Amino acid sequence: MPRYIILIVLVFSVICAKQILILNEEIVVALSFIGFVLYVEKSFGDTIRASLQSRGTSILEELQHHMTLQQINLQSAIRDQQFIADELQPATEQIGESISHEIQINLPELYQSLRFALGQQIDNQLNILVSSQKMYRNTLQHSLITGFKEAAQIQYSYSKGRKAQPIQLKQCFALFNRNKHIRN
Amino acid sequence: MLICSPLEQFAIVPLIPIWIGNLYLSFTNSSFFMLLAISLALLFFHMVTVNGGHIVPNAWQSVVEMIYEFVLNLVNEQISGNSTKQRFFPIIFVIFTFLLFCNCIGMIPYSFTVTSHFIVTFALSLSIFIGITIVGFQTHGLHFFSFLLPQGVPLPLAPFLVLLELISYCFRALSLGIRLFANMMAGHSLVKILSGFAWTMLSMGGIMYIASLAPFLIVFALTGLELGVAVLQAYVFTILLCIYLNDAINLH
């Protein structure tokens, strides 16, 4: 502390000597201002500091109170959940046991009925496939006949050698009927 | 022994002269201290609220929060209606903070009080007055003129009362600026005059050397008073601003 006072006095002396600080009535204002600030700091500094800190402390207490309430609420919610779980556990166990017992008893019958149902489903699907195969085959045959007749008619209408046509046409019909018999 | 005039402290000193044609725009000591006040305010708020501040505030953060809550309560109490008043909170807060910092920096010896010049306070009050009038016309349209005729006035008195109310309304801009300027200038002048007495008595020597303690103690007490006036005048300016704004938004 004495070191700082000596330093301040020295700096003040240098500043006054170099006329950076002119000694006039403003120095009285400066001294009174510094004195007032020091006086307030000494007299009311602790009070002001305490009031500012108390504001922070009250906020901290309010936050802690809020957190404690939240903690209590969560703990009671956990306890309620635990109670419900404890109550439900034997009931769920009983339900599980009865279901497994039922399954055990009815398993062979269930197997048979499942097999029968699956077999029926497969038979139905196969029947559908067979009938659709027949239908597509008939459609194909009909299309082939129709196309061949049209092609033959066109050939008969536009060709020059009319005498050769009935022979060629008969040969084509014979070939077509032979193919038809093979398919059937 | 050179005795300085107590009005010398209000002299405008150009620090950086700037000429734009015939226009003389210079960076003066008034501009410097305005800039200093704004910079200090911004720096203070920034340093306190770095990373959003602390949930449990320290002393400095408490000061900032108290200033904020103070202005917020002022706005909520003085301006009625829920939807519109929060729009004006930022500008009211900025005006209060600016005036507070300018007045407090002016209290420091060897500095300059920005608000001790009428041009500064009048420019602020006039611009606010024009803004409030625009807000009034935006909110109520031509019905805003009904503010000049109070309710329950007899019809024969209406012309005189409207004229009086108009003059009173226009004078708000002047009074707002003059109040702040006069308080600051008078306070600083008084402190300078009394300190001049103390210095003169100190310079005389002898019994006057001891008697100079009396004006020094008066200056000491007056410094405290002036600090209180500095804070109070910022508050008075702000509360009157809120009242005028309430009149414009809600009429009677």
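## Helix and strand in two annotated spans

Helices (H or I, at least four residues) and strands (E, at least two) are taken here as DSSP runs. With that in hand, let's look at this predicted model. Residues 118-137 of chain B are 100% helix and 0% strand, and their end C-alpha atoms sit 28 Å apart. Residues 6-25 of chain B read quite another way: 0% helix and 35% strand, with 27 Å between the end C-alpha atoms.

Both spans appear in the unreviewed UniProt entry, which lists them under "transmembrane region" for chain B. The record also includes residues 32-56, 88-106, 157-178, 190-211 and 217-245 of chain B.

## Where the chains meet

Chain A brings 22 residues to the contact and chain B brings 26. Together the two chains bury about 2300 Å², with 76% of that on carbon and sulfur atoms.

On the polar side of the ledger, there are 5 residue pairs in polar contact between chain A and chain B, both residues being at pLDDT 80 or more. The two chains also share 3 salt bridges. One of them joins the side chains of Glu26(A) and Lys192(B), at 2.8 Å from N to O. On the side of chain A that touches chain B, the residues split into 15 nonpolar, 4 polar and 3 charged.

## A closer look at Gln61(B)

Gln61(B) belongs to helix α2 of chain B, which covers residues 59-78. Its relative accessible area is 5%, so Gln61(B) counts as buried.

Leaving aside residues up to four places away in sequence, Gln61(B) touches Val48(B), Gly53(B) and His54(B). For His54(B), the backbone oxygen lies 2.9 Å from a polar atom of the Gln61(B) side chain.

Terms used. Residues are numbered from 1 along each chain as its sequence is written. Chains are lettered from A and ligands numbered from 1 in the order in which they are written. This is a predicted model: local features need pLDDT of at least 70, side-chain atom pairs count only at pLDDT 80 or more; totals for chains, interfaces and linings use all residues. Side-chain values use heavy atoms; hydrogens and water are left out. Contact means heavy atoms within 4.5 Å. Buried area is the accessible area (1.4 Å probe) that two parts lose on being put together, summed over both. A salt bridge is a side-chain nitrogen of Lys or Arg within 4 Å of a carboxyl oxygen of Asp or Glu. A polar contact is a pair of N or O atoms within 3.5 Å; within protein, one must be able to donate a hydrogen and the other to accept it, and residues adjacent in sequence count only if both atoms are side-chain atoms. Ala, Val, Leu, Ile, Met, Phe, Trp, Tyr, Cys and Pro count as nonpolar, Asp, Glu, Lys and Arg as charged, and the others, Gly among them, as polar. UniProt positions are given in the numbering used here, feature names are shortened, and annotations may be inferred rather than shown by experiment. Buried means under 20% relative accessible area, exposed over 50%, partly exposed in between (1.4 Å probe, protein chains only).
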